[in-house]
Amino acid sequence: FTEDLWVDVGAPDRYFRATRLLLEREAQRRGRSLLVADGAQVAPGVEFIGNVMVGAGARIERGARIIGPSVIGERAVIAPFAVIERSILWEDARVGVSATVADSIIAAGASVGERASAVDAILADGARVPDGVALAPGATLMPDEVAGAAQAP
(Lines give C-alpha, C1' and ligand atoms only; values in the text may rest on other atoms or scores of the structure.)
Protein backbone atom coordinates (compact mmCIF):
# COMPACT_ATOMS: atom_id res chain seq x y z
CA PHE A 1 0.00 0.00 0.00
CA THR A 2 1.35 3.39 -0.97
CA GLU A 3 -0.07 6.75 -0.01
CA ASP A 4 0.34 9.21 -2.87
CA LEU A 5 -1.21 12.19 -4.58
CA TRP A 6 -3.74 11.96 -7.40
CA VAL A 7 -4.91 15.10 -9.16
CA ASP A 8 -6.80 15.41 -12.44
CA VAL A 9 -4.66 17.72 -14.57
CA GLY A 10 -6.98 17.97 -17.55
CA ALA A 11 -7.22 21.77 -17.37
CA PRO A 12 -4.58 24.46 -16.82
CA ASP A 13 -5.82 25.46 -13.37
CA ARG A 14 -5.65 21.83 -12.21
CA TYR A 15 -2.20 21.41 -13.77
CA PHE A 16 -0.99 24.45 -11.82
CA ARG A 17 -2.58 23.09 -8.64
CA ALA A 18 -0.92 19.68 -9.06
CA THR A 19 2.45 21.32 -9.71
CA ARG A 20 2.08 23.52 -6.63
CA LEU A 21 1.17 20.52 -4.46
CA LEU A 22 4.08 18.44 -5.76
CA LEU A 23 6.55 21.31 -5.24
CA GLU A 24 5.27 21.83 -1.69
CA ARG A 25 5.61 18.13 -0.94
CA GLU A 26 9.14 17.89 -2.38
CA ALA A 27 10.31 21.11 -0.68
CA GLN A 28 9.01 19.84 2.65
CA ARG A 29 10.64 16.43 2.13
CA ARG A 30 14.02 18.02 1.33
CA GLY A 31 13.72 20.84 3.88
CA ARG A 32 14.35 23.64 1.37
CA SER A 33 12.32 25.64 -1.14
CA LEU A 34 14.90 25.76 -3.96
CA LEU A 35 15.42 22.44 -5.72
CA VAL A 36 18.21 22.54 -8.32
CA ALA A 37 19.08 19.42 -10.32
CA ASP A 38 22.66 18.41 -11.02
CA GLY A 39 24.01 20.12 -14.09
CA ALA A 40 21.81 23.22 -13.82
CA GLN A 41 23.65 26.54 -13.98
CA VAL A 42 22.46 29.40 -11.78
CA ALA A 43 24.41 32.64 -12.09
CA PRO A 44 25.21 34.82 -9.09
CA GLY A 45 22.56 37.42 -8.38
CA VAL A 46 19.55 35.29 -9.32
CA GLU A 47 16.68 35.83 -6.88
CA PHE A 48 14.45 32.92 -5.89
CA ILE A 49 11.25 33.39 -3.88
CA GLY A 50 9.04 30.47 -2.84
CA ASN A 51 9.15 26.89 -4.08
CA VAL A 52 11.15 26.57 -7.30
CA MET A 53 12.46 23.50 -9.13
CA VAL A 54 15.22 23.86 -11.73
CA GLY A 55 15.84 20.95 -14.10
CA ALA A 56 19.13 19.43 -15.21
CA GLY A 57 20.99 21.45 -17.79
CA ALA A 58 18.83 24.54 -17.26
CA ARG A 59 20.61 27.91 -17.26
CA ILE A 60 19.41 30.93 -15.29
CA GLU A 61 21.43 34.07 -15.92
CA ARG A 62 22.34 37.02 -13.70
CA GLY A 63 19.63 39.31 -12.42
CA ALA A 64 16.79 36.90 -13.19
CA ARG A 65 13.99 36.66 -10.64
CA ILE A 66 12.05 33.40 -10.17
CA ILE A 67 8.94 33.49 -7.98
CA GLY A 68 7.33 30.19 -7.03
CA PRO A 69 5.66 28.00 -7.30
CA SER A 70 7.59 27.66 -10.54
CA VAL A 71 9.29 24.89 -12.49
CA ILE A 72 12.15 25.53 -14.90
CA GLY A 73 12.49 22.48 -17.16
CA GLU A 74 15.59 20.68 -18.33
CA ARG A 75 17.83 22.74 -20.61
CA ALA A 76 15.53 25.79 -20.32
CA VAL A 77 17.30 29.15 -20.57
CA ILE A 78 16.29 32.21 -18.56
CA ALA A 79 18.16 35.30 -19.80
CA PRO A 80 19.41 38.17 -17.63
CA PHE A 81 16.79 40.22 -15.78
CA ALA A 82 13.90 38.01 -16.88
CA VAL A 83 11.09 37.52 -14.36
CA ILE A 84 9.26 34.20 -13.99
CA GLU A 85 6.26 34.17 -11.63
CA ARG A 86 4.14 31.14 -10.75
CA SER A 87 4.86 29.48 -14.08
CA ILE A 88 5.84 26.16 -15.58
CA LEU A 89 8.51 26.06 -18.27
CA TRP A 90 9.08 22.74 -19.99
CA GLU A 91 12.34 21.43 -21.42
CA ASP A 92 14.24 23.65 -23.83
CA ALA A 93 11.99 26.67 -23.19
CA ARG A 94 13.64 30.09 -23.56
CA VAL A 95 12.87 33.42 -21.94
CA GLY A 96 14.69 36.51 -23.25
CA VAL A 97 16.40 39.43 -21.56
CA SER A 98 14.03 41.48 -19.37
CA ALA A 99 11.03 39.37 -20.41
CA THR A 100 8.16 38.55 -18.05
CA VAL A 101 6.34 35.24 -17.76
CA ALA A 102 3.59 35.05 -15.12
CA ASP A 103 0.95 32.43 -14.37
CA SER A 104 1.80 30.72 -17.65
CA ILE A 105 2.74 27.38 -19.16
CA ILE A 106 5.59 27.55 -21.67
CA ALA A 107 5.88 24.17 -23.40
CA ALA A 108 8.89 22.38 -24.88
CA GLY A 109 11.01 24.53 -27.14
CA ALA A 110 8.70 27.55 -26.85
CA SER A 111 10.16 31.00 -26.33
CA VAL A 112 9.35 34.47 -25.03
CA GLY A 113 11.60 37.12 -26.61
CA GLU A 114 13.49 40.04 -25.14
CA ARG A 115 11.27 42.55 -23.29
CA ALA A 116 8.23 40.41 -24.25
CA SER A 117 5.57 39.22 -21.83
CA ALA A 118 3.27 36.26 -21.40
CA VAL A 119 0.73 36.57 -18.57
CA ASP A 120 -1.87 33.89 -17.90
CA ALA A 121 -0.81 32.36 -21.22
CA ILE A 122 -0.25 28.93 -22.67
CA LEU A 123 2.42 28.44 -25.32
CA ALA A 124 2.41 25.02 -26.97
CA ASP A 125 5.57 23.26 -28.18
CA GLY A 126 7.74 25.53 -30.29
CA ALA A 127 5.44 28.58 -30.02
CA ARG A 128 7.17 31.94 -30.03
CA VAL A 129 6.51 35.41 -28.65
CA PRO A 130 8.80 37.81 -30.58
CA ASP A 131 10.94 40.49 -28.94
CA GLY A 132 8.90 43.31 -27.40
CA VAL A 133 5.50 41.64 -27.88
CA ALA A 134 3.07 41.58 -24.93
CA LEU A 135 0.53 38.79 -25.29
CA ALA A 136 -3.00 39.61 -24.23
CA PRO A 137 -3.74 37.98 -20.85
CA GLY A 138 -5.19 34.52 -21.38
CA ALA A 139 -3.60 34.06 -24.81
CA THR A 140 -2.95 30.59 -26.18
CA LEU A 141 -0.44 29.86 -28.93
CA MET A 142 -0.64 26.60 -30.85
CA PRO A 143 2.44 24.45 -31.70
CA ASP A 144 5.05 26.48 -33.61
CA GLU A 145 2.74 29.52 -33.80
CA VAL A 146 4.38 32.95 -33.71
CA ALA A 147 2.43 35.63 -31.84
CA GLY A 148 1.28 38.36 -34.18
CA ALA A 149 2.16 36.44 -37.34
CA ALA A 150 -0.36 36.70 -40.17
CA GLN A 151 -2.40 33.54 -40.49
CA ALA A 152 -2.53 31.78 -43.85
CA PRO A 153 -6.07 31.31 -45.26
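**S87 and the two sheets**

Me: Leaving aside neighbours within four places in sequence, which residues is S87 in contact with?
Reply: In this predicted model, S87 touches F16, P69, S70, V71, V101, A102, D103 and S104. They count as contacts because heavy atoms of each pair lie within 4.5 Å.

Me: Why does S87 count as buried?
Reply: Let's set the value against the cut-off. Buried means under 20% relative accessible area, and S87 has 0%, so S87 counts as buried. You will find S87 in the loop between strand 9 and strand 10 (88–89).

Me: What makes the pair of S87 and the backbone nitrogen of D103 a polar contact?
Reply: A polar atom of the S87 side chain lies 3.1 Å from that nitrogen. The limit is 3.5 Å, so the distance fits.

Me: And why does P12 count as partly exposed?
Reply: P12 has a relative accessibility of 36%. Buried is under 20% and exposed is over 50%, so P12 falls in between and is called partly exposed. P12 belongs to helix 1 (residues 12–30). Leaving aside neighbours within four places in sequence, P12 is in contact with I105 and I122.

Me: How do you know that strand 6 and strand 9 pair?
Reply: Count the bridges. Pairing needs at least two, and three join strand 6 (residues 65–67) to strand 9 (residues 83–85), so the two strands pair. They run parallel. I67, for example, has E85 in strand 9 as its bridge partner.

Me: Why do strand 3 and strand 15 stand at the edges?
Reply: Their sheet is open, with five strands in the order 3-6-9-12-15 and parallel pairing. Strand 3 (47–49) and strand 15 (117–119) each have a single partner strand, so one side of each is left without a neighbour in the sheet. On average, neighbouring strands of this sheet are turned by 5° against each other, direction ignored.

Me: What is the order of the open sheet of seven strands?
Reply: That order is 1-4-7-10-13-16-18, with parallel pairing. Strand 1 (34–36) and strand 18 (140–141) each have a single partner strand, so these two are the edges.

Me: How do you know that strand 16 and strand 18 pair?
Reply: Two bridges link strand 16 (residues 122–123) with strand 18 in the parallel sense. The rule asks for at least two, so two bridges are enough. Within this pair, I122 stands opposite T140 of strand 18.

Terms used: Residues are numbered from 1 along each chain as its sequence is written. This is a predicted model: local features need pLDDT of at least 70, side-chain atom pairs count only at pLDDT 80 or more; totals for chains, interfaces and linings use all residues. Side-chain values use heavy atoms; hydrogens and water are left out. Helices (H or I, at least four residues) and strands (E, at least two) are DSSP runs, numbered from the N terminus. Axes are lines fitted to C-alpha atoms, for helices over the stretch in contact, and angles run from 0 to 180 degrees between N-to-C directions. Buried means under 20% relative accessible area, exposed over 50%, partly exposed in between (1.4 Å probe, protein chains only). A polar contact is a pair of N or O atoms within 3.5 Å; within protein, one must be able to donate a hydrogen and the other to accept it, and residues adjacent in sequence count only if both atoms are side-chain atoms.
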